Amino acid sequence: MSLPLDSRQLRAFNTLARTGSFTMAAKELFLSQSAVSHSMKALEEEVGCRLLDRVGKKVLLTQAGETLLHHSEKILQEMDVARSALEQLGKWGRGRLRIGASTTACQYILPPVLREFKEEYPHSLISIEPGDTEEALDLLRSNRIDLAITLEPNNEDQLEFHSLFSDELAFLVGAGHQWALSGQVIRPEIPKQNYVLYNKGSYTFRAIETYFREEKMVLNTVIDLGSMDAIKELVKLGLGVSIIAPWIAARELENKSLVALPLGKRKLKRHWGIAHWRGRRLSLPEETFVTLCKKLCAKLDQWGGGEVIGNQSEVSSAR
């Protein structure tokens, strides 16, 4: 297999072809005439044909030389473009940020984080790939994203996980639901309710199934949706009960259009964080993004579940 041509020889060849003189080419390249001459001899040996003819002190290109010049100009131009692009990446605020995030993170976490991020890195290119934990991890493994905001994955030794916050899942019911009116969840009624839950393929859905299986319960008719806003609207309309983290419905809980109630004595917690390949050194923009996420998510600790639910005067523990 032929080796790539030496870029220094190509640059010397192009300079020589343009100036038509070994003396002028050597002066422009800050080399001796002997060094330029040896470089051209080595290049001719590499390509296997004569590239130059000397006519007195003038240097002329052979047909092979003209052909090489046509291609080498493009090669050197692309190398200059590549060098310039790399230099731009080294400048403050340049680069890219490729993020994978669930629809929940896209809606509730990313907007305020990216608003601050763009203030610090106005020229950074940001791309976001929506997807739940499994999809985000697949994107990470295939190098299509660099950071993934996900729930903590299981048995992923190749990935590093930066913890952001933990939350607790709770029943979410409309203000007119009997549980909301009585301020308590009646345990025998849990399997009889209709449920509106988040995406069946998600970590959260599987965690809910496992939780109630251990409680010896099977949840009734389930509508699964990929939009938290749609879930909350259906619950408001009295079309079912949902199980989500209270912080996702903070506004509705505040205006009392929805009510959160604990699942029971056992808690069902989730752990959120940012994942990336273990051992990969994060760029400065990526480190800034992680820091901004931690800063925002520190405020979500108040929505960990028990504290929020317990602070609602109309809600008592499930029985």
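User: Before we start on this predicted model: what makes two strands, say E8 and E9, a pair?

Analyst: Two strands pair if DSSP finds at least two bridges between them. Strand E8 (residues 195-198) and strand E9 (residues 222-225) are joined by four bridges, so they count as a pair. They run parallel, and Tyr198 has Leu225 as its bridge partner in E9. With H9, these strands make a right-handed β-α-β unit.

User: Why is the pair Phe117 and Phe289 called edge-to-face?

Analyst: Ring centres have to lie within 6.5 Å, and planes over 60 degrees apart count as edge-to-face. Here the centres are 6.4 Å apart and the planes are at 80°, so the label fits. Phe117 sits in helix H6 and Phe289 in helix H12, 172 residues apart. Both are buried.

User: And what makes Phe165 and Trp272 stacked?

Analyst: The cut-off for stacked is planes under 30 degrees apart. These planes are at 5°, with the centres 5.9 Å apart, so the pair is stacked. Phe165 belongs to strand E6 and Trp272 to strand E12, 107 residues apart in the chain. Both residues are buried.

User: Where else does Trp272 turn up?

Analyst: In the lining of the largest cavity, as one of the residues nearest its centre, along with Ser102, Asp132, Leu151 and Thr204. That cavity has a volume of about 130 Å³.

User: Which element gives the largest share of that lining?

Analyst: E5, with three residues. By class, the lining has seven nonpolar, seven polar and two charged residues.

Definitions and conventions. Residues are numbered from 1 along each chain as its sequence is written. This is a predicted model: local features need pLDDT of at least 70, side-chain atom pairs count only at pLDDT 80 or more; totals for chains, interfaces and linings use all residues. Side-chain values use heavy atoms; hydrogens and water are left out. On a 1 Å grid over the protein atoms alone, a cavity is a set of points where a 1.4 Å probe fits but cannot get out, and a pocket is an open set with protein on both sides within 12 Å along at least five of seven lines; lining residues have an atom within 4 Å of a point. Grid points are joined across faces, edges and corners, and a volume is the space filled by probe spheres set on the points. Ala, Val, Leu, Ile, Met, Phe, Trp, Tyr, Cys and Pro count as nonpolar, Asp, Glu, Lys and Arg as charged, and the others, Gly among them, as polar. A crossover is right-handed if, with the strands pointing away from the viewer, the path from the first strand over the helix to the second runs clockwise. Rings of Phe, Tyr and Trp (its six-membered ring) pair if their centres lie within 6.5 Å; planes under 30 degrees apart count as stacked, over 60 as edge-to-face and the rest as tilted. Buried means under 20% relative accessible area, exposed over 50%, partly exposed in between (1.4 Å probe, protein chains only).
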